[in-house]
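Reader: I have a model open and a few short questions about it. Can we go through it piece by piece?
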Amino acid sequence: MSDHRTALLVIDVQASFLHRPFFTTRDLPAFLAAQNALIEGCVGRGIPVVRILHSDGPETADNPFSMVSGHVSPLAGLNDFEAAATFIKHRHSALVGTGLDVWLTQRGIRRLIVSGIRTEQCCETTTRHASDLGWEVDYVTDATLTFDMTQPDGSPLTANEIKARTATVLQGRFCTLCSVDEALSRAQVAA
């Protein structure tokens, strides 16, 4: 049993994204700095760090999200850490079909720190799902990464706009928005 009520979820920080046409390194250094600081802070405080990887689509070598591709592995630049547990997900929420919910419940974990890739997809979906299931969620926007998109009308939507939109719809409804330092401080208090 963990001495902490908090766990850090590192969601989909994997090499698969390097092989998508939308991938850009523009925001990668800042993301990795925040993600690594969060991991280091949690490890230093004895807070369990959970690795979640995403696999879907055809099991072919040309699909970077298939297990046979070899790309469902930690992203280069992510600090090496010993995961308290690793889960492979096949849906947007890390809580669907993985056993993560059981693992968290068995350890008495009541607060989750959410981080990873992509801000508005798997990180947001996991946050909403976890909140609906009763977990307190600290969402560390700086420790999430996303990419520019095109809106249905053809106009651009930048990664920064997506992050702002995600923060707006999550704050106070599904999570507490936190900086890296705030999330670590809140986790220490909850221990």
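Author: Yes. The model is predicted. A place to begin is Gly46, which follows helix 1 and has a positive phi, near 75 degrees.

Reader: How many residues does helix 1 have, and what span does it reach?
Author: Helix 1 covers residues 28–45, which is 18 residues. From first C-alpha to last it reaches 26 Å, close to the 26 Å expected at 1.5 Å a residue.

Reader: Which of the residues of helix 1 are buried?
Author: Leu28, Phe31, Leu32, Ala34, Gln35, Asn36, Leu38, Ile39, Gly41 and Cys42.

Reader: Cysteines, then. How many disulfides does the count come to?
Author: Zero. For Cys42, the nearest cysteine sulfur is that of Cys178, 11 Å away, and a disulfide needs the two sulfurs within 2.5 Å.

Reader: Is Cys42 buried or exposed?
Author: Cys42 is buried, because its relative accessibility is 0%.

Reader: And what about Cys175, how far away is the nearest cysteine sulfur?
Author: That sulfur belongs to Cys178 and is 7.8 Å away, and Cys175 is in no disulfide. Cys175 is also buried, at 7% relative accessible area.

Reader: Switching to strands. What do strand 1, helix 1 and strand 2 make?
Author: A right-handed β-α-β unit. Strand 1 (residues 6–11) and strand 2 run parallel, joined by four bridges.

Reader: Which strand 2 residue stands opposite Val10?
Author: Arg51. In strand 3, Arg51 has Thr86 as its bridge partner. Strands 2 and 3 pair in the parallel sense over five bridges.

Reader: Are the faces of strand 2 covered or open?
Author: Both are covered, with Val49, Arg51 and Leu53 buried on one side and Val50, Ile52 and His54 buried on the other.

Terms used: Residues numbered from 1 in each chain as written. Predicted model: local features only at pLDDT ≥ 70, side-chain atom pairs only at ≥ 80, totals over all residues. Heavy atoms only, no water. Buried < 20%, exposed > 50% of the residue type's maximum accessible area, 1.4 Å probe, protein only. Helix = DSSP H or I, 4+ residues; strand = E, 2+ residues; numbered from the N terminus. Expected span 1.5 Å × (residues − 1). Pairing = 2+ DSSP bridges. Right-handed = clockwise from strand over helix to strand, strands pointing away.
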